[in-house]
Amino acid sequence: MAEVINMPRLSDTMEEGTVAKWLKKVGDKIEEGDILAEIETDKATMEFESFHEGTLLYIGIEEGDGAPVDSLLAIIGEEGEDISSLLNGASASADTGSEAAEKDTEAKETTATNDTDAQSPAVEIPEGVEVVKMPRLSDTMEEGTVASWLKKVGDEVEEGDILAEIETDKATMEFESFYSGTLLYIGIQEGESAPVDEVLAIIGPKGTDVDAVLNAGSAPKEAPSKDKPAKVTEEKTQTSTSGSETKPVNDGQRIFVSPLAKKMAEDKGINLSNVQGTGDNGRITKRDIENFKPVEQPAKVETIAPKETAGSKAAAPINLPVGEEGFEDVKNSQMRKTIAKRLSESKFTAPHYYLTIEVDMDNAWASRLQINDLPDTKVSFNDMVVKACAMALKKHPQVNTTWNGDSMRYNHHVHIGVAVAVEDGLVVPVLKFSDQMSLSQIGGAVKDMAGRARIKKLTPAEMDGSTFTVSNLGMFGIREFTSIINQPNSAILSVGAIVEKPVVKKGEIVVGKTMTVTLACDHRTVDGATGSQFLLTLRSFLENPVTMLA
């Protein structure tokens, strides 16, 4: 009896998987334990082995395609076995679509056989042609932006070549091709964004009809464009106007404009009849709207008119500032969108409260000077804070927890995230097992990861899995501030600047160095007393740095 194999859940956070590569093809004999495919999860690419024996009868998810967990992945059974009953549920919608396409084709045959011949290749993708879709390059990625194309239409592409650099919500990553052939089509231009699984490019043999490939997934959109040339030529013979097709924007009858460009024009109050389109057949595109410069003459007339009116009334002149209001809408990057989404979710779902304490940093200041006198050693105050937090978390495991709704997870490992400011916002590289690292190891790791974060070269794995976060604005002179918890953490520490001020020591007023830190806690997991005890332990380590070296 045939066995249905569904997309497996290969990690605790996996919601969908992508088939990176099939190691078996339809018709191959399968033994129990054979590797069927390599599946890309939200964390890694993993081998998926078969628990059944038989013949691979059907593949439901092609290489490069993604699907939710439990979607039909494959069917294994006896050679020649009828699996139509197993496919009926999964292919009902596809069958309906194909029947509709057949009826549409029959109707067209009765009216125009030439049109039918032109559209028939759109029924299925030609052999050897691969449609490349926007990949999911991080666990939280919902859409991507093409930062740059490293190949252009017409270039030869080999398997493993880098096609483009794609900006995700966390980093800019290189995207390599899994196919060989010629780059026939680019669906998302540089600087443009699109949701995951949108058509990114098409790779195949030279001379392939790209329109036919695109029609396979969007026949209703493309069919009208194929009817246009015949109708236009008929109109040309009647009206003898051969130039009307090349510049339809200014013909006074119809303006060809993309939906996005039309919406942008409405938002900016731009009259489309004044815009010269640079797209196909004079079509107005997004770039035309962005580059459009309005005529300045009307503005000059308006500024002159009030002066004439003021003069005619002979009123006492009042010198008021004259200027032109202006603004610029800057498109949000994927990183900025994710920051907005994640922090809003955290602020409005986790009940935050804040605890602030002042730390005497005189001993830490002196200890750092001595440590940095050692050859090839460089330790910052932030490194000392990270180390102190790691050791305090081991003493207060309640702060190193995660809220899971019906349960609370106590993390036995300490992974500290360090917030790093970058051009588009901030990222949080994670120091894994930071409680086991020395001060110099922490300093080297933070320096390396912060440098790569600023050029967007961190991998998703290096930004995943934190159990606690440290955010330091002391280098900007900020004395104290509060942060939003980086979920699923239960707390985040905000570190201020070290300042010199009068303090009382042994009954005398002296100049001391102090630092203010604020702990933001999730009240669902960390109570006030627990958070306070954590801060007292943290202060003890920082005020006596030698205890962190024991």
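The exchange below asks how several descriptions of this predicted model are justified.

Modeller: This is a predicted model in which local features need pLDDT of at least 70 and side-chain atom pairs count only at pLDDT 80 or more, while totals for chains, interfaces and linings use all residues. Residues are numbered from 1 along each chain as its sequence is written, and side-chain values use heavy atoms, with hydrogens and water left out.

Biologist: What makes Phe 468 and Phe 534 an aromatic pair that is tilted?

Modeller: Rings of Phe, Tyr and Trp (its six-membered ring) pair if their centres lie within 6.5 Å, and planes under 30 degrees apart count as stacked, over 60 as edge-to-face and the rest as tilted. The centres of Phe 468 and Phe 534 are 5.6 Å apart, with 50 degrees between the planes, so the two rings pair and the pair counts as tilted. A search of the whole structure finds two aromatic pairs.

Biologist: Which elements hold the two rings, and why is Phe 468 called buried?

Modeller: Phe 468 lies in strand β24 (residues 468-472) and Phe 534 in helix α11 (residues 528-543), 66 residues apart; helices (H or I, at least four residues) and strands (E, at least two) are DSSP runs numbered from the N terminus. Buried means under 20% relative accessible area, exposed over 50% and partly exposed in between, with a 1.4 Å probe and protein chains only. Phe 468 has 0% relative accessibility and therefore counts as buried, and Phe 534, at 0%, counts as buried too.

Biologist: Why is Asn 382 buried, and which residues does Asn 382 touch?

Modeller: Asn 382, found in helix α9 (residues 381-395), has a relative accessible area of 12%, and is therefore buried. Leaving aside residues up to four places away in sequence, Asn 382 touches Val 418, Val 470 and Asn 472, where contact means heavy atoms within 4.5 Å.

Biologist: How do you know that the charged end of Arg 368 sits over the ring of Phe 381?

Modeller: A charge sits over a ring if NZ of Lys or CZ of Arg is within 6 Å of the ring centre and within 35 degrees of the ring normal. The charged end of Arg 368 is 4.7 Å from the centre of the Phe 381 ring, and that of Lys 513 sits over the ring of Trp 365 at 5.0 Å from its centre.

Biologist: What makes β5 and β7 edge strands?

Modeller: Four strands form an open sheet in the order β5-β4-β2-β7, with antiparallel pairing, and two strands pair if DSSP finds at least two bridges between them. Strands β5 (45-49) and β7 (66-68) each pair on one side only.
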